Every structure is written in structure tokens, then in C-alpha cells.
Amino acid sequence: FPSDYGDAVEITVGWVYTFEDSGISIDVGVSRFDILPVGKISDDDVTQPFIEISREWQIAEIHTIAPYARFEVLWADGGDPNGETYIHFGTTYDIELTEDLSLSQKFDVCYDPGMFGFDSGFVGGYEVGLGLDLDSVHIDLLQVRISTPLESLDDDRGTEVVFGIGVSFRF
């Protein structure tokens, strides 16, 4: 596998609040992407504050769907100090396989403003993952993300596949 921006450790701190009367959730936080080599601050490391607004509906006993809008501002340590704003619109679809195990899918369209020497344009994404909930710990056993430009870009970007695993702590 080539070394690129997918080779990173991501740390995210955030807060989610759901308004009980409307079911609308607001997720705010900040992520830090430590690009390889991990632990060494480089011009490619990225800080990303974000806000996401969503609304979940239970469409069947074990099925939920949640449309969302997400806004992210990215700053690269060696890049533009003003950052760039990425805008996502999409939906998640979750299936509860057992009390603790779920299959999650996400479909989105992202406006990429053209950071890191890439062209600006729209990129489509699909993500699927298998998650395990153990009390206050969520483990992403496997995540697969596929992204592809939705328009012709001159930066040689094509369809990409990224694999991941993760652990989240809720308190």
C-alpha cells in the first residue's frame, strides 16, 4: 500500500446533544490527524473542527436512517492558516444485528475546496462498517470507505478505498 493521507492516527474529541422534542442532534468537536510518522509534527498533520446536524428516524424495528449536514474546517500545519471548509450532505442507515452488534452505512456528497494541491469539486462517498457496543466503549471492528470524484478533476484523483478500525469512549 502506498503511504499517503490515509496513513494516520486520528484523535477526535466531541460532544453530541439531541433535542428530545424534535429528535435533531448536534455533534461538535475537533479531530487531529497525525500523519505518518506518528508522533512527529509535520507540515501534513491536520486539525479539523466540525459541526454536524442530523435527525434520526426509526423506519423498522432494527433499522434507522439519519440525514445529515456536516461542515469541517481543515488546517494543515504547513498550509494556509485560514483553513478550508468541506461541506457534506448525506444519510446514514443502520441495522441492529444484535443488541451489541450493528451494521452501519453512510452515503454522502462532499464539496472539497481543493486543499493539499487537489482541485476543488464534488466527491461522492460510501462507507460501511461493523460496530460493537460494550457499555461506554464502541469498537469499529472494520470500516471501508469508498470515495470517487463526481466530476472531472485535473488532479488525477480517482476512486479510492480506505480501510479502518477504531475505538470510541462515551462518558
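A salt bridge, as the term is used in these legends, is a side-chain nitrogen of Lys or Arg within 4 Å of a carboxyl oxygen of Asp or Glu. All views show a predicted model.

**Figure 1. Overview of the chain and its ten-strand pattern, β-β-β-β-β-β-β-β-β-β.** The secondary structure consists of 10 strands and zero helices. Of the 171 residues in the chain, 29% are buried. When contacts between residues at least 6 apart in sequence are considered, 41% of them join residues at least 24 apart. The exposed area of the chain is about 10900 Å², and 60% of this area is supplied by carbon and sulfur atoms.

**Figure 2. The salt-bridge network of Glu-52, Arg-70 and Glu-72.** These three residues are linked to one another by salt bridges. In the pair formed by Arg-70 and Glu-52, the closest N and O atoms are 3.0 Å apart. This pair links distant parts of the chain, since Arg-70 belongs to strand E5 and Glu-52 to strand E3, 18 residues apart. Arg-70 has a relative accessible area of 16% and is therefore buried, the cut-off for this class being under 20%. Glu-52, with a relative accessible area of 14%, is likewise buried. A search of the whole structure finds seven salt bridges, and two further examples are shown in Figures 3 and 4.

**Figure 3. The salt bridge between Arg-157 and Asp-112.** The closest N and O atoms of this pair are 2.7 Å apart. Arg-157 lies in the loop between E9 and strand E10 (160-169), while Asp-112 is in strand E7 (residues 101-112), so the salt bridge ties together parts of the chain that are 45 residues apart in sequence. Both Arg-157 and Asp-112 are buried.

**Figure 4. The salt bridge between Glu-127 and Arg-145.** Here the closest N and O atoms are 3.8 Å apart. Glu-127 is located in strand E8 (residues 121-134) and Arg-145 in strand E9, so the pair ties together parts that are 18 residues apart in sequence. Arg-145 is partly exposed, because its relative accessible area is 24% and this class covers values between 20% and 50%.

**Figure 5. Surroundings of Val-46 in strand E3.** Strand E3 comprises residues 46-55 and includes Val-46. The relative accessible area of Val-46 is 4%, so this residue is buried. Beyond its neighbours within four places in sequence, Val-46 is in contact with Ser-31, Arg-32, Phe-33, Leu-74, Trp-75, Ala-76 and Phe-116. One of these residues, Trp-75, is 29 residues from Val-46 along the chain, yet their C-alpha atoms are separated by 5.5 Å.

**Figure 6. A nonpolar surface patch that includes Ile-51.** The patch covers about 740 Å² and is made by Trp-15, Tyr-17, Phe-19, Ile-24, Ile-51, Ile-53, Phe-71 and Phe-89. Strand E1 (8-18) and E3 are the elements that give two or more residues to the patch. Ile-51 has its place in strand E3. The relative accessibility of Ile-51 is 33%, and the residue therefore counts as partly exposed. In a regular strand the side chains alternate between the two faces of the sheet.

**Figure 7. The hairpin that joins E4 to E5.** Two residues make the connection between E4 and E5 in this hairpin. Strand E4 (residues 57-60) and strand E5 (residues 63-76) run antiparallel and are joined by three bridges. Within this pairing, Gln-58 stands opposite Thr-64 in E5.

**Figure 8. Surroundings of His-138 in strand E9.** His-138 is found in strand E9, which comprises residues 137-149. Its relative accessibility is 15%, so His-138 counts as buried. The side chains of His-138 and Asp-140 are joined by a polar contact of 2.9 Å. When residues up to four places away in sequence are not counted, His-138 touches Gly-131, Leu-132, Asp-133, Gly-166, Val-167, Ser-168 and Arg-170.

Notes
Residues are numbered from 1 along each chain as its sequence is written. This is a predicted model: local features need pLDDT of at least 70, side-chain atom pairs count only at pLDDT 80 or more; totals for chains, interfaces and linings use all residues. Side-chain values use heavy atoms; hydrogens and water are left out. Helices (H or I, at least four residues) and strands (E, at least two) are DSSP runs, numbered from the N terminus. Buried means under 20% relative accessible area, exposed over 50%, partly exposed in between (1.4 Å probe, protein chains only). Contact means heavy atoms within 4.5 Å. Patches are made of residues with over 30% relative accessible area and no salt bridge: like charges are joined within 9 Å, nonpolar side chains (Val, Leu, Ile, Met, Phe, Trp, Tyr) within 5 Å. Accessible areas come from the Shrake-Rupley method with a 1.4 Å probe; for residues, only the protein chains shown count as cover. A polar contact is a pair of N or O atoms within 3.5 Å; within protein, one must be able to donate a hydrogen and the other to accept it, and residues adjacent in sequence count only if both atoms are side-chain atoms. Two strands pair if DSSP finds at least two bridges between them.
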